[in-house]
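Work through the exercises below with the model open. Try each task before you read its solution.

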Amino acid sequence: MEVLIRTIELEDYKAICNLISNELGYENLNLEDTHKRLAVMQGRKDYQTFVAVHNNEIIGFIGLFKGIAFNIDGEYAQIIALAVSKEHQNKGIGTQLLCKAEQYAQYENIVSLGLNSGLHREKAHSFYEHRGYVKKSYSFQKYL
């Protein structure tokens, strides 16, 4: 399957919103709010989003941000979302997106790439572990 991995564009926002809602399970996602968030991210140098395109259709995406940590020298990057449409899963699209993020990180001299994955996403955990990522912590969150 021929897939193009490229940087996000404005006309991709609706497809990304659908992927977040349908594949990541955030059903209450509002297109207008998501559009605003994506526009803010796209306008910042510390965020990067790549999309996977097949036959002029967005079939997946990966988003990350970079920052500085207290415990490492240099910048790190955090994958904040990775989704591939159900009908295109298990075809190497997620791997291609992850590789693109890793290439971007290397180009940006990022020394560490991490991510959070929900406890119930056992297939995703296997996917990441198979690609060299190591479980090392739990993630906690509190809404304010």
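## Exercise 1: A salt bridge across the chain

E108 is partly exposed, because its relative accessible area is 25%. The model is a predicted one.

Task: Find which side chain meets E108 in a salt bridge, and where the two partners lie.

Solution.
- Step 1. The partner of E108 is K66, at 2.5 Å from N to O. That pair links distant parts of the chain, with E108 in the loop between α3 and β5 and K66 in strand β3, 42 residues apart.
- Step 2. Check the cover on K66. Its relative accessible area is 15%. Buried means under 20%, so K66 is buried.
- Step 3. Look across from K66. A77 in β4 stands opposite K66.

## Exercise 2: Strand β4 and its neighbours

Task: Determine which strands pair with β4, and in which sense.

Solution.
- Step 1. Start with β3, residues 57–68. β3 and β4 pair in the antiparallel sense, over nine bridges.
- Step 2. Inspect the hairpin of β3 and β4. Six residues lie between the strands, and G74 takes a positive phi near 90°.
- Step 3. Turn to β5. β4 and β5 run parallel and are joined by four bridges. In this pairing, Q78 stands opposite G114 in β5.
- Step 4. Follow the chain between the parallel strands. β4, helix α3 (residues 93–107) and β5 make a β-α-β unit, and that unit is right-handed.

Task: Decide whether strand β4 is largely enclosed or largely open.

Solution.
- Step 1. Take the ten residues of β4, 75–84.
- Step 2. Count the buried ones: seven of the ten.
- Step 3. Conclude. β4 is largely enclosed by the rest of the structure, because seven of its ten residues are buried.

## Exercise 3: Aromatic pairs

Task: Classify the ring pair of Y47 and F65, and say which strands hold the two residues.

Solution.
- Step 1. Begin with the total. The structure holds five aromatic pairs.
- Step 2. Take the geometry of Y47 and F65. Their centres are 5.7 Å apart, with 40° between the planes. The pair is tilted.
- Step 3. Place the residues. Y47 lies in strand β2 (residues 47–54) and F65 in strand β3, so the pair ties together parts that are 18 residues apart in sequence.
- Step 4. Check accessibility. Y47 has a relative accessible area of 23% and is partly exposed. F65 is partly exposed too, at 21%.

Task: Classify the ring pair of Y128 and Y133, and say whether each residue is buried or exposed.

Solution.
- Step 1. The centres of Y128 and Y133 are 6.0 Å apart, and the planes differ by 65°. Planes over 60 degrees apart count as edge-to-face, so this pair is edge-to-face.
- Step 2. Y128 counts as buried, at 11% relative accessibility. Y133 is buried as well, with a relative accessible area of 13%.

Task: Name the residues that ring pairs link into a cluster with Y47.

Solution.
- Step 1. The cluster holds Y47, F65 and Y76.

## Exercise 4: More salt bridges

Task: State how many salt bridges the whole structure contains, then examine the one between K135 and E129.

Solution.
- Step 1. A search of the whole structure finds seven.
- Step 2. The side chains of K135 and E129 meet at 3.8 Å, N to O.
- Step 3. Compare the cover. K135 is exposed, with a relative accessible area of 60%, whereas E129 is partly exposed, at 38%.

Task: Identify the network that salt bridges with shared partners build around E9.

Solution.
- Step 1. Salt bridges that share partners join R6, E9 and D12 into one network.
- Step 2. Within it, E9 forms a salt bridge with R6, and the closest N and O atoms are 3.9 Å apart.
- Step 3. E9 counts as partly exposed, at 33% relative accessibility.

## Exercise 5: On the surface

Task: Find which residues make the nonpolar surface patch, and place L119.

Solution.
- Step 1. The patch is made by L119, Y138 and F140, and its area is about 480 Å².
- Step 2. L119 lies in the loop between β5 (112–115) and α4 (122–130).
- Step 3. At 66% relative accessibility, L119 is exposed.

Task: Locate E27 and give its C-alpha distance to C17.

Solution.
- Step 1. E27 sits in the loop between α1 (13–23) and α2 (31–42). E27 is exposed, with a relative accessible area of 62%.
- Step 2. E27 and C17 are ten residues apart in sequence, and their C-alpha atoms are 9.8 Å apart in space.

Notes: Residues numbered from 1 in each chain as written. Predicted model: local features only at pLDDT ≥ 70, side-chain atom pairs only at ≥ 80, totals over all residues. Heavy atoms only, no water. Patch = residues over 30% accessible without salt bridge, like charges linked within 9 Å, V, L, I, M, F, W, Y side chains within 5 Å. Areas by Shrake-Rupley, 256 points an atom, 1.4 Å probe, with all protein chains shown as cover. Salt bridge = Lys/Arg side-chain N within 4 Å of Asp/Glu carboxyl O. Buried < 20%, exposed > 50% of the residue type's maximum accessible area, 1.4 Å probe, protein only. Pairing = 2+ DSSP bridges. Right-handed = clockwise from strand over helix to strand, strands pointing away. Phe/Tyr/Trp six-rings, centres within 6.5 Å; stacked < 30°, edge-to-face > 60°.
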